[in-house]
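Ready to work through a few exercises with a structure open beside you? Take each task at your own pace, then follow the solution step by step.

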Amino acid sequence: MDETAAIIRERIYTHRYPTGSWLRQEHLSAELGVSRTPLREALRVLEQEGLVKVTAGQGAQVITGDLDTLLDAYQLRAVVDGLAARLAAENNRGGGLIRQLRRAIEVQRAAVDPWVPRDYTDSNVDFHEHVIHLSGNDFVIGQLPILRMTAQVFAPVALVRPESAIRAIAEHTAIADAIEAGDGQAAERLARAHIEATITELEQKKTSAAEDAS
């Protein structure tokens, strides 16, 4: 069941199963070579993670990345990322994961000019995953699916632009500096502000869409 869930999860992350698409059990069962029982269990796991919505009599559907859903997800991200950064700074473990933070930032810089959005998105996920792992808190690490959901599953909704990436890279650098310095309060404040900037952008998009529709 865990392996089946992992395969479906990765295919959602890589857009092989895009947002809004239906995951029919008969097709998945044949495609993945698994019986219906472990498949249903795998879909329940993915539903708990928020990646799919299971409707009786209709099947499972990959969650739709509308602005309201994305805003809800990023509101949780602000809390999780802030806490993870504070714990990472307080643990101040240094070593390999801090170096990985720096490497992820370097990949991001290289992806800006020339602009390679896929490389930037992948390295952005890497950076935030490293921060979460640096927290050393299993419950925080258990929130990794919300990161992958917002940064990968919903990526077509929140299209990243080079100017946004440049701003984010500066913010990532400040977060990494605070973590390495062991300044938990600064790390949490910077990490929350980083996500809240995205929330502000999404709220502006929602307002503009509402005005266009009226």
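The exercises below concern helix packing, single residues and backbone angles in this model, which is predicted.

**Exercise 1. Describe how helix H4 packs against helix H8.**

Solution.
Step 1: Locate the two helices; H4 covers residues 67–91 and H8 covers residues 144–153.
Step 2: Take the geometry, an angle of about 130° with the axes 10 Å apart.
Step 3: Classify the angle. Values from 65 to 115 degrees count as roughly perpendicular and those over 145 as roughly antiparallel, so H4 and H8 are oblique to each other.
Step 4: Add the handedness, which is left-handed for this crossing.
Step 5: List the residues that meet. H4 brings Ala73, Tyr74, Leu76 and Arg77, while H8 brings Ile146, Leu147 and Thr150.
Step 6: Sort the contact residues of H4 and H8 by character, which gives five nonpolar, one polar and one charged.

**Exercise 2. Which residues make the contact between H4 and helix H9, and how do they divide into nonpolar, polar and charged?**

Solution.
Step 1: Find H9 at residues 162–181; its axis comes within 6 Å of that of H4, and the two cross at roughly 35°.
Step 2: Name the partners. Ala85, Ala88 and Ala89 of H4 meet Ile175, Ala178 and Ile179 of H9.
Step 3: Sort the residues of this H4–H9 contact: six are nonpolar, none polar and none charged.

**Exercise 3. Check the length of helix H6 (residues 117–134) against what its 18 residues should span.**

Solution.
Step 1: Use 1.5 Å a residue; the expected span is 1.5 Å times one less than the number of residues, so H6 should span 26 Å.
Step 2: Compare with the model, where the end C-alpha atoms of H6 are 26 Å apart, in agreement.
Step 3: Look at burial along H6. The buried residues include Tyr120, Val125, Phe127, His130 and Leu134.
Step 4: Step just past H6 to Gly136, where phi is positive at about 70°.

**Exercise 4. Is Ile105 buried or exposed, and what does Ile105 touch?**

Solution.
Step 1: Place Ile105 in helix H5.
Step 2: Read its relative accessible area, 2%; buried means under 20%, so Ile105 is buried.
Step 3: Set aside residues up to four places away in sequence, and Ile105 touches Phe127, Ile169, His172, Thr173 and Ala176.

**Exercise 5. Work out the burial class and contacts of Thr4, then those of Asn91.**

Solution.
Step 1: Start with Thr4, found in helix H1. Its relative accessibility is 8%, so Thr4 counts as buried.
Step 2: Leaving out neighbours within four places in sequence, Thr4 is in contact with Leu32, Val34, Leu39 and Ala42.
Step 3: Turn to Asn91, which lies in H4. At 33% relative accessibility, Asn91 counts as partly exposed, because that class runs between 20% and 50%.
Step 4: With residues up to four places away left out, Asn91 touches Leu134, Ser135 and Gly136.

**Exercise 6. What is notable about the backbone at His15 and at Pro114?**

Solution.
Step 1: Recall the usual pattern: most residues other than glycine have a negative phi, and most peptide bonds are trans.
Step 2: Check His15, which sits in the loop between helix H1 and strand E1. Its phi is positive, about 70°, although His15 is not a glycine.
Step 3: Check Pro114, in the loop between H5 and H6. The peptide bond from Asp113 to Pro114 is cis, with omega near 0°.

Key. Residues are numbered from 1 along each chain as its sequence is written. This is a predicted model: local features need pLDDT of at least 70, side-chain atom pairs count only at pLDDT 80 or more; totals for chains, interfaces and linings use all residues. Side-chain values use heavy atoms; hydrogens and water are left out. Axes are lines fitted to C-alpha atoms, for helices over the stretch in contact, and angles run from 0 to 180 degrees between N-to-C directions. Helices (H or I, at least four residues) and strands (E, at least two) are DSSP runs, numbered from the N terminus. Angles under 35 degrees count as roughly parallel, over 145 as roughly antiparallel, 65 to 115 as roughly perpendicular and the rest as oblique. A crossing is left-handed if the near helix is turned anticlockwise from the far one by less than a right angle, and right-handed if clockwise. Contact means heavy atoms within 4.5 Å. Ala, Val, Leu, Ile, Met, Phe, Trp, Tyr, Cys and Pro count as nonpolar, Asp, Glu, Lys and Arg as charged, and the others, Gly among them, as polar. Buried means under 20% relative accessible area, exposed over 50%, partly exposed in between (1.4 Å probe, protein chains only).
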